[in-house]
Amino acid sequence: MGIHRLNHAVLFVSDLARSVAFYQDVLGFSRVPMTPEGFAGAAFMQAPDSTNDHDLGLFEVAGAGPSPAGRATVGLYHLAWEVDTLDELSATAERLSAAGALAGASDHGSTKSLYGKDPDGLEFEIVWLVPADKLDEGTLAARRRIGRLDLDAEKARYGGRTRGGVGISVPA
């Protein structure tokens, strides 16, 4: 089975309107008018610049409590969405911070990552990948540790508008 990419994810949420507003207002997703009849408690969302018909399905479970996954049960830890530039990653950090949804930021060597939590506490990652032609031994070795992300230093090193993932997740 040759997998090319993740097409979409589906999340159970406790308040559909609140979750739709979060993904629209903070991450720029748009609502796609494709909810089947009889599914009033569902919404389908598309990320900016996505070629998928939808990237996220949200299904309301009214009155549900927070997920114990990772604390008391097994379950999904997080989803990761890739952005094109460090400028975009930086702007996303500002929006997440303003919404009180920024949970962390890490330098994984070849990836620069933000971690956020949606209104139900479901975690996600926003990541910029170092382009293949900019990978060096130090960057590759740094994948074995988790460091503090300094976005200003990364923009000075790679350029804020340098397209990430080229030669890795994006064809060269």
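This report walks through the core, a sheet and one helix of a predicted model.

Let's start inside. The largest nonpolar core holds 31 residues, and those with the most contacts within it are Y23, L27, L56, L58, W81 and L89. Helices and strands both feed this core: the elements giving it two or more residues include α1 (16-25), α2 (86-98), β4 (56-60) and α4 (151-158). If you would like one residue to click on, try Y23: leaving aside residues up to four places away in sequence, Y23 touches L11, G28, F29, M45, L56, L58, W81, D118 and F124.

Next comes an open sheet of five strands, ordered β5-β8-β7-β6-β9 with mixed pairing. Its edge strands, β5 and β9 (147-148), each pair on one side only. Strand β6 (residues 102-107) runs antiparallel to β9 and is joined to it by two bridges; D107 stands opposite G147 of β9.

Helix α4 deserves a closer look. Which of its residues are buried? They are L151, E154 and Y158. Because these residues cover an arc of only 60° around the axis, they sit on the same side of α4. D152 and A156, on the other side, are exposed. The cover over the buried residues includes α2, β6, β7 (111-117), β8 and α3 (137-141).

Here are the two ends of α4:

| Residue | Place | Value |
|---|---|---|
| D150 | caps the N-terminal end of α4 | side-chain oxygen 3.3 Å from the backbone nitrogen of D152 |
| G159 | follows α4 | positive phi, near 95° |

Key
Residues are numbered from 1 along each chain as its sequence is written. This is a predicted model: local features need pLDDT of at least 70, side-chain atom pairs count only at pLDDT 80 or more; totals for chains, interfaces and linings use all residues. Side-chain values use heavy atoms; hydrogens and water are left out. A nonpolar core is a set of buried Ala, Val, Leu, Ile, Met, Phe, Trp, Tyr and Cys residues joined through side-chain atoms within 4.5 Å. Buried means under 20% relative accessible area, exposed over 50%, partly exposed in between (1.4 Å probe, protein chains only). Helices (H or I, at least four residues) and strands (E, at least two) are DSSP runs, numbered from the N terminus. Contact means heavy atoms within 4.5 Å. Two strands pair if DSSP finds at least two bridges between them. The arc is that of the directions from the helix axis to the C-beta atoms. A polar contact is a pair of N or O atoms within 3.5 Å; within protein, one must be able to donate a hydrogen and the other to accept it, and residues adjacent in sequence count only if both atoms are side-chain atoms.
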